[in-house]
Amino acid sequence: RLEALADGRYRLVNQTRGTRGMAALAGVDVTEESEFRWRDGGPETLGYRYRQQASLGRGRERAVEVDAAAGRVTSIDRDRRHSFELKPGTLDRQLVSLAIGADLAAGRRGELAYRVIDRDDDGEQRFRVVGPERIDLPTGSTEAIRVERIREDASRQTQLWLDPARNWLTVRSLQQERNGDRLELRLVALRKE
C-alpha cells in the first residue's frame, strides 16, 4: 500500500505472508513500513519499521530512524544500534525497489547504485539491468524488466522484475542461497483505491 501523507511525505507498507514450505508451516507474517519523500527524482527514507511474526518461534523487529536536525540515521536491530551520517538519497532496504523503478522510468539502464541502511551497514548496493523478460503471474502474463543485484559474495543471488505497464511496480522477486534455499515473492493481486 502506497499513500500520500502531509508535507510531501509518503508511506509504503508491504505485507508478506508465508504460503508455502517452512514459511507457511511456521505461520510467518512480515510487515514493512517505510516513510519517505521524493528528492532529486528518487525516494529518500525518513523512517523504516520491520516486524516479523511467526506462530512457531520468536519474532523479529528492525527499524531505521532519521534525525535530520542532527544529520544522523540510526539502524536498530534487536538491541544493537548503529549510527551513520545522513546523506542525501539514503534508502532503507524496502525503498530500493522503488528507487530502481524511478531510475528505470527515467530511462536509466546498465548499472545502478544506491546507499542503503541495513542493520549494521550503510553501504552501497549495486544492480545490473538485464533487460526485458516475459513472466507469468497470477494477475496475467507481462513483459517486465529483470534487474540483478551485483554482489561480491556469490552466496546469494537476488533478482527483481519490474513492470513498466504497472508504473514500474516490482511484480516478482527471487532470492536464492548457495545452499538451495529460496524466497520468491510474486504479485497475486493489485488494487487501486
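Two strands are taken as paired if DSSP finds at least two bridges between them. The model treated in these exercises is predicted.

**Exercise 1. The mixed sheet**

Determine which strands form the sheet with mixed pairing, in what order they lie, and which of them are the edge strands.

*Solution.*
Step 1. List the order: seven strands, β8-β9-β10-β11-β12-β13-β14, make up an open sheet of mixed pairing.
Step 2. Find the strands that pair on one side only; these are β8 (91–92) and β14 (182–186), the edge strands.
Step 3. Examine one pair inside the sheet. Strand β11 (residues 140–150) and strand β12 (residues 156–163) run antiparallel and are joined by four bridges. Within this pair, Arg146 is placed opposite Trp161 of β12.

**Exercise 2. A charged residue in β13**

Decide whether Arg172 is buried or exposed, and identify the polar contact that its side chain makes.

*Solution.*
Step 1. Locate the residue: Arg172 belongs to strand β13 (residues 169–177).
Step 2. Apply the cut-off, by which buried means under 20% relative accessible area. The relative accessible area of Arg172 is 13%, and therefore Arg172 is buried.
Step 3. Identify the partner: the side chain of Arg172 is in polar contact with the side chain of Glu184, at 2.7 Å.

**Exercise 3. The antiparallel sheet**

Describe the sheet that contains β1 to β7, and follow the pairing through selected strands.

*Solution.*
Step 1. Establish the order. The sheet is open, its seven strands follow the order β1-β2-β3-β4-β5-β6-β7, and the pairing is antiparallel. Its edge strands, each paired on one side only, are β1 (2–4) and β7 (80–85). On average, with direction ignored, neighbouring strands of this sheet are turned by 20° against each other.
Step 2. Begin at the edge strand β1. Three bridges connect β1 with strand β2 (residues 9–17) in an antiparallel arrangement, and Ala4 faces Tyr10 in β2.
Step 3. Move to strand β4 (residues 42–53), which pairs with strand β5 (residues 60–67) in the antiparallel sense over six bridges. Here Arg51 is opposite Glu61 in β5.
Step 4. Continue from β5 to strand β6 (residues 72–77), again antiparallel, with six bridges; Val64 stands opposite Ser75 in β6. The hairpin of β5 and β6 has four residues between the strands, and Gly71 in this hairpin adopts a positive phi near 70°.

**Exercise 4. The enclosed space**

State how many cavities of 30 Å³ or more the structure holds, and characterise the lining of the largest cavity.

*Solution.*
Step 1. Count: there is one cavity of 30 Å³ or more. The largest cavity contains about 40 Å³ of space.
Step 2. Name the lining residues, which are Tyr48, Arg62, Ala63, Val64, Ser75, Ile76, Asp77, Arg93, Ile117, Asp118 and Arg119.
Step 3. Assign them to elements: β5 and β6 are those that give two or more residues to this lining. Val64 and Ser75, which stand opposite each other, both line the largest cavity.
Step 4. Classify the lining of the largest cavity: five residues are nonpolar, one is polar and five are charged.

**Exercise 5. An open pocket**

Characterise the second largest pocket by volume, by lining and by residue class.

*Solution.*
Step 1. Volume: the second largest pocket holds about 250 Å³ of space.
Step 2. Lining: 17 residues line the second largest pocket, and Arg39, Asp40, Gly42, Pro43 and Gly89 lie nearest its centre. At least two lining residues come from each of β4, α2 (96–105) and β9 (111–117).
Step 3. Class: the lining of the second largest pocket comprises seven nonpolar, four polar and six charged residues.

Notes. Residues numbered from 1 in each chain as written. Predicted model: local features only at pLDDT ≥ 70, side-chain atom pairs only at ≥ 80, totals over all residues. Heavy atoms only, no water. Axes fitted to C-alpha atoms, helices over the stretch in contact; angles between N-to-C directions. 1 Å grid on protein atoms, 1.4 Å probe; cavity = no way out; pocket = protein on both sides within 12 Å on 5 of 7 lines; lining within 4 Å. Points joined across faces, edges and corners; volume = space filled by probe spheres on them. Nonpolar A, V, L, I, M, F, W, Y, C, P; charged D, E, K, R; others polar. Buried < 20%, exposed > 50% of the residue type's maximum accessible area, 1.4 Å probe, protein only. Polar contact = N/O pair within 3.5 Å; in protein donor to acceptor, adjacent residues only side chain to side chain.
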